[in-house]
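User: I'm new to protein structures and would like a close look at one part of this one. Could you take me slowly through the aromatic rings and what surrounds them?

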Amino acid sequence: MQNLTAQYKDEANKDINRPIELYDLYLGSQNSCDTQTYYFCTDNKRIYFWNMDGVLQYYQPIKVNRSAIPASNQLEI
């Protein structure tokens, strides 16, 4: 088994390499985006990305975090 280098670990831990979660909150229509749909992301700045209808939207930053999901080396949850 190979060991990861310190340089690789440092690069992997940078903020630009962490995943960002996108949240669409549907307060009006539950089937499509409307004026009562709000868009949030887990980044520290605003993100411009496509919503579920394929329209570019600004996702506002919000402080939300979840605990890690435990998994085994067989990818069991």
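Analyst: Happy to! One term will help us all the way through: a residue is called buried when its relative accessible area is under 20%, exposed when it is over 50%, and partly exposed in between. I69 is a good one to practise on, because its relative accessibility of 59% makes it exposed. You will find I69 in the segment after strand 4. V55 is 14 residues away from I69 along the chain, and their C-alpha atoms are 31 Å apart.

Before we zoom in, keep in mind that this is a predicted model. Its mean pLDDT over the chain is 85, with 95% of the residues at 70 or more. Confidence is highest in strand 4, at a mean of 94, and lowest in helix 1 (residues 6-12), at 83. Where pLDDT is low, predicted coordinates should not be read in detail.

Now for the rings. How many aromatic pairs are there? The count comes to three. One of them joins Y48 and Y58, whose ring centres lie 4.4 Å apart with 35° between the planes, a tilted arrangement. Look at where the two partners come from: Y48 belongs to strand 3 (residues 47-50) and Y58 to strand 4 (residues 56-61), so this pair ties together parts that are 10 residues apart in sequence.

Are these two tyrosines buried, exposed or something in between? Try the cut-offs from the start: Y48 has a relative accessible area of 46%, so it is partly exposed. The value for Y58 is 41%, so Y58 is partly exposed too.

Another pair is made by F49 and W50, and this one is edge-to-face, with 5.4 Å from centre to centre and 75° between the planes. F49 is partly exposed as well, because its relative accessible area is 37%.

Let's go back to Y58 for a moment, since its ring has a charged visitor: R46 lies over the face of Y58, 3.8 Å from the ring centre. Y58 therefore pairs with the ring of Y48 and also has R46 over its face.

To finish, let's move from rings to empty space. The largest pocket holds about 370 Å³. It is lined by 14 residues, and E21, T42, V64, N65 and R66 are the closest to its centre. Sorted by class, that lining has five nonpolar, four polar and five charged residues.

Notes
Residues numbered from 1 in each chain as written. Predicted model: local features only at pLDDT ≥ 70, side-chain atom pairs only at ≥ 80, totals over all residues. Heavy atoms only, no water. 1 Å grid on protein atoms, 1.4 Å probe; cavity = no way out; pocket = protein on both sides within 12 Å on 5 of 7 lines; lining within 4 Å. Points joined across faces, edges and corners; volume = space filled by probe spheres on them. Nonpolar A, V, L, I, M, F, W, Y, C, P; charged D, E, K, R; others polar. Phe/Tyr/Trp six-rings, centres within 6.5 Å; stacked < 30°, edge-to-face > 60°. Helix = DSSP H or I, 4+ residues; strand = E, 2+ residues; numbered from the N terminus. Buried < 20%, exposed > 50% of the residue type's maximum accessible area, 1.4 Å probe, protein only. Lys NZ or Arg CZ within 6 Å of the ring centre and 35° of its normal. pLDDT = per-residue confidence, 0-100.
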